[in-house]
Structure formats: structure tokens, C-alpha cells
Number of protein chains: 2
Amino acid sequence: MAQSDTVDRILDAAEELFADRGFSETSLRMITSKAKVNLAAVNYHFGSKNALIHAVFARFLTPFSATLENAFDELEERCDGKPPTLNQTLWALTESAVRMPQRNEKGISIFMRLLGLAYTQSQGHLRKFLEQEYSEPFSRFMRLLKEATPQLSSVDRYWRIQFMLGATAFTMSSSDALRDILQNKLGVETTIQEIAARLVPFLAAGMQAEDAMLIPPAGSKVSVA
Amino acid sequence: MAQSDTVDRILDAAEELFADRGFSETSLRMITSKAKVNLAAVNYHFGSKNALIHAVFARFLTPFSATLENAFDELEERCDGKPPTLNQTLWALTESAVRMPQRNEKGISIFMRLLGLAYTQSQGHLRKFLEQEYSEPFSRFMRLLKEATPQLSSVDRYWRIQFMLGATAFTMSSSDALRDILQNKLGVETTIQEIAARLVPFLAAGMQAEDAMLIPPAGSKVSVA
DNA sequence: GTGCGCTTCAAACGTATGTTTCAAACAGAC
DNA sequence: GTCTGTTTGAAACATACGTTTGAAGCGCAC
């Protein structure tokens with residue numbers, strides 16, 4: 001820990017603890033004792049626990065959304081009017097995430113887990129905060145997805161986007177644990193980049209699957225081309 | 001609410017509140033006041049809050065895992081030695097879930113949300129409980145998946161299974177909210193069966209995607225067949 | 001050195017939580 | 001009806017939480 005500034009120490013400790021245990025399960029006392037600062041420092045510098053949660057997200061998300069906007073700009077310029085493909089759009093996103101300057105070796109995976117938690121834990125204030133602050137890059141991503149999958153109906157696309165978000169958020173949210181399991185079971189090391197490299201083709205294939213079939217009768221033998 | 005038994009009233013209330021708000025965010029007082037029973041009844045009948053959480057899961061999961069075992073038996077018998085296909089395996093699972101006798105109209109979606117939370121909220125005791133009690137149908141499902149995707153390397157299969165779990169748990173865990181959004185934005189009603197009918201092809205396609213590509217250099221134009 | 005913001009600190013506050021207690025109410029057997 | 005084991009009830013318990021307080025410490029201009 002190079003920096004000795006109180007605010008950053010709190011943010012570092014909070015980020016890690018939130019990622020490990022969730023928001024409600026992490027108390028201010030855990031954070032302040034890990035950060036080696038006084039308990040009151042959180043309320044002094046941030047105002048409240050919820051505001052601290054927002055600050056943790058903002059510290060990563062604000063530069064990230066700027067990077068992402070640039071990546072989308074570059075992509076659309078390169079495509080010269082034609083809408084980018086699904087793969088290009090997904091790669092623009094993951095590359096932006098992976099290439100963010102990272103505070104420490106855990107870096108991106110901690111934050112991916114936080115994003116997963118943000119979606120999962122029903123913290124109303126957090127969802128509201130994220131929607132208010134980062135609606136623009138999100139809508140832009142959605143628009144690109146729409147243009148990249150014109151063959152899908154709105155309803156199909158809607159659900160498949162949810163499936164994509166789920167696979168991503170869920171995997172990222174527990175990627176440390178999953179990597180450990182893999183390490184132990186198969187003796188394989190895995191970087192976050194490699195996970196992304198596996199995830200993107202999975203998502204793209206699912207997104208472009210043949211039209212959803214109706215519910216088949218029990219006992220029918222369904223097969224995939 | 002037909003039943004007036006205290007234990008069931010507690011379980012009903014707890015199930016719904018846990019699904020709405022998560023485990024840590026739901027207090028025993030919320031549960032007992034919703035169930036219209038005395039606060040002490042929870043500790044009297046279940047012993048602790050954690051034990052109540054386990055009981056909520058067991059009430060659904062025990063009959064479900066029996067149903068699932070039957071479905072797998074039937075499937076393997078029908079396939080007569082040959083390993084069932086990926087689609088058959090996935091459908092056996094979703095059919096078993098959807099056909100479970102449901103306590104009320106919300107039924108399965110509440111429980112799907114609970115399963116999602118179980119994976120996401122890092123409640124150590126819950127994960128331990130689920131692994132101990134329901135490891136058998138889980139391992140069997142994993143074995144069927146392995147036999148249905150012999151073309152995948154162990155590592156690829158491992159990660160893709162995580163992606164599937166993520167898409168499923170995540171979507172199901174917020175399916176009520178998602179359905180409401182869809183209802184409002186596009187005016188479309190969606191049943192849990194229809195979600196499953198969209199999810200399974202997505203998962204199957206992702207699972208059988210072409211081999212994961214390596215990380216492409218920035219600016220490369222990748223496209224999917 | 002004195003005075004003035006800003007920051008830290010120990011302590012306390014009020015509230016909410018899970019759990020325990022023990023008396024009252026109840027149900028069924030005899 | 002009386003006894004007995006089980007279930008309910010109101011109240012209290014101990015603990016943990018987020019937040020607030022007010023004094024002490026600090027750096028720096030003057």
C-alpha cells in the first residue's frame with residue numbers, strides 16, 4: 001500500500017471487503033479496521049455508508065465509462081457508417097474493461113464481482129445511482145447490440161441480453177473462487193483475459209442462436225443443428 | 001393462505017421475503033409479522049435464522065431433486081445406453097423445475113430467485129448445506145453435461161457450465177422485475193415457461209459454440225459464422 | 001507563537017438485530 | 001376435571017450496527 005491518504009485507504013479496504021462479502025455483510029467497523037483508520041472517518045469523508053458504496057463504484061466506473069465511450073467511438077468510426085458486428089461490440093466492451101489501469105494485481109476481477117453484486121443484491125440506492133450516473137454508455141451499448149442483431153425480435157433480443165448480462169455478471173462475480181476451483185481440480189491457471197476470451201464466443205453464439213423454440217412436449221427428442 | 005400451521009406460515013413468509021430482499025436484509029421480525037406469528041416461534045421451531053433458511057430451501061429442493069432424479073432416469077432409459085443430447089439434458093432439468101407442484105401463483109419464480117441468491121450472496125453456511133444435501137443430483141447433471149459435450153476440453157466445458165449457471169441463476173433471480181420491465185416497455189406478458197423456452201436454446205448454442213478464440217489484437221474484425 | 005481550518009480520535013448514542021426466558025394458553029390422554 | 005407435554009406470548013437480553021459528538025491533534029499562514 002503506497003498511498004497513506006485516508007480516503008484512498010478506506011476506498012481500497014471497502015472495495016475488497018464488499019467484493020468478498022457483499023454490502024450488507026460488510027460493516028463500517030470491518031472497513032475502518034482493515035484500512036487502519038478511525039471509524040468516524042467514513043462518515044466524515046463520505047457522509048454515509050451508502051455514499052461510500054457509491055464512491056467505490058464511481059472510482060472505477062467513471063474512468064471506465066470514458067474509456068468505453070472512446071472504444072465505441074473508434075469502433076463506429078472504423079466501421080464507417082455500417083453497424084459494428086456483435087463480436088466487435090462485445091470485444092470493444094471487454095477490451096475496455098481489461099485494459100483499464102489497475103490499482104493492484106486483483107484489479108479488474110474485484111470490480112467485476114462488485115458489478116455482479118450491484119445487479120444481484122437488491123440495494124435500491126445503488127441501482128438508482130448507477131442508472132443516473134452511467135446511463136449514457138449503457139444505452140449506447142444497448143443500441144449497438146440492437147443494430148448488431150437486426151434478425152432478432154425485440155422480445156427475443158431483450159431476453160438474450162439478460163442472459164448475456166447474467167452469464168457475465170455471475171461469472172465475473174465469482175471468478176476468483178472459480179479460478180481457484182479450476183486450479184485445484186485441473187491444475188490450470190486462468191487469467192481474467194482468458195475468461196473473457198472464452199465468454200465472448202459463448203455469448204455471441206447464444207445471442208445468435210436459431211429462433212427460440214416453443215415448449216416441446218415431454219419426451220420429444222430435440223436436437224440442435 | 002389455506003394452511004394455518006405456524007411452521008408453514010413462517011416458511012411461506014420467509015420464502016417470499018428472502019426472495020424479495022435477500023437473506024441478511026430480511027429480519028426475523030419482518031418474517032414473523034408477515035406470518036402473523038410470535039417472534040420466538042422461529043427459534044422455537046427452527047432453532048436459528050440460518051436453520052430457517054435451510055428449511056426454506058429444503059422444502060422445495062428435496063421434492064425437486066427427487067423429481068429430477070426420476071426425469072434423468074427416464075431420459076437415460078429412453079436413450080438406451082447412448083448418452084442424452086445436450087438439449088435433452090437441459091430440457092429434463094427445466095421441465096422438472098416447471099412441473100413441480102407449486103404452492104401459489106408465484107411458485108417457481110420465487111424459488112428460482114432464491115437459488116440465484118444462494119449462489120450470489122456469499123452465505124457460507126448455505127453453500128455448505130446445499131452441497132451436503134444435494135450433491136448427488138448435481139453431480140449427475142454434471143456427468144450428463146460432460147457426456148453430451150465430448151468435443152469440449154475439460155477447461156472449456158468447466159467455464160461454459162459456469163456461464164450457463166450464471167445466465168440461468170441471474171435471469172431467474174430477477175425474472176419478476178425483468179418481466180415487469182418487459183410488460184411496461186413492450187406490453188408483452190411472459191410466463192416462466194416462456195423464459196425457459198428462450199433460455200435453453202441460448203444455453204445450448206453457447207455451450208456448443210465453436211472453439212474459444214484467443215484474444216484477438218485490438219482492431220481486428222472478428223465475425224461469427 | 002498564535003489562531004484557524006481540516007482531520008483524527010475515543011466515546012457515546014439510538015436503533016435494530018438474533019436469541020433467550022418464563023409464564024400463560026392449549027390440546028389430548030386418562 | 002386434572003395432569004402433561006407442546007406451543008404461544010410478551011418481554012427482556014446481549015450484541016452489532018450506522019451515525020453523531022466534542023475534544024484533541026495537526027499543518028500552515030500571519
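Start by selecting DNA strand D: 15 residues surround this strand, and the closest are Leu28(A), Arg29(A), Lys49(A), Thr6(B) and His45(B). Here, a residue is near a molecule or strand if one of its heavy atoms lies within 4 Å of it. Before you go on, know that this is a predicted model, where local features need pLDDT of at least 70 and side-chain atom pairs count only at pLDDT 80 or more, while totals for chains, interfaces and linings use all residues. Residues are numbered from 1 along each chain as its sequence is written, chains are lettered from A and ligands numbered from 1 in the order in which they are written, and side-chain values use heavy atoms, with hydrogens and water left out.

Stay with strand D and colour its backbone. Sugar or phosphate supplies 49% of the atoms of DNA strand D within 4 Å of the protein, and bases supply the rest.

Now show the side chains that reach phosphate oxygens of strand D. We're looking at polar contacts, meaning pairs of N or O atoms within 3.5 Å; within protein, one must be able to donate a hydrogen and the other to accept it, and residues adjacent in sequence count only if both atoms are side-chain atoms.

- Lys49(A): a side-chain N or O atom sits 2.7 Å from a phosphate oxygen of DNA strand D.
- Tyr44(B): for this side chain, the distance from an N or O atom to a phosphate oxygen of DNA strand D is 2.9 Å.
- Ser27(A): here the distance from a side-chain N or O atom to a phosphate oxygen of DNA strand D is 3.3 Å.

Which elements give two or more residues to the surface near DNA strand D? They are α2 (28-35) and α3 of chain A, plus α3 of chain B. Helices are DSSP runs (H or I, at least four residues), as are strands (E, at least two), and both are numbered from the N terminus. Click on α3(B), which gives the most to this surface near DNA strand D, with three residues.

Colour by class next: the surface near DNA strand D has five nonpolar, seven polar and three charged residues. Ala, Val, Leu, Ile, Met, Phe, Trp, Tyr, Cys and Pro count as nonpolar, Asp, Glu, Lys and Arg as charged, and the others, Gly among them, as polar.

Hop over to DNA strand C. Of the 16 residues around this strand, Thr6(A), His45(A), Leu28(B), Arg29(B) and Lys49(B) come nearest. Zoom in on Tyr44(A), with a polar side-chain atom 2.9 Å from a phosphate oxygen of DNA strand C. Ser27(B) has a polar side-chain atom 3.3 Å from a phosphate oxygen of DNA strand C, and for an N or O atom in the side chain of Asn43(B) that distance is 3.3 Å.

Leave the DNA and select residues 49-79 and 124-148 of chain A. These are helices α4 and α7, which pack at an angle of about 10 degrees with their axes 10 Å apart. Axes are lines fitted to C-alpha atoms, for helices over the stretch in contact, and angles run from 0 to 180 degrees between N-to-C directions. So α4(A) is roughly parallel to α7(A) (under 35 degrees; over 145 is roughly antiparallel, 65 to 115 roughly perpendicular, and the rest oblique). Their contact has 13 nonpolar, five polar and six charged residues.

Last stop: Ser33(B), in helix α2 of chain B. Is Ser33(B) buried or exposed? Ser33(B) is exposed, at 52% relative accessibility (exposed means over 50% relative accessible area, buried under 20%, partly exposed in between, with a 1.4 Å probe and protein chains only).
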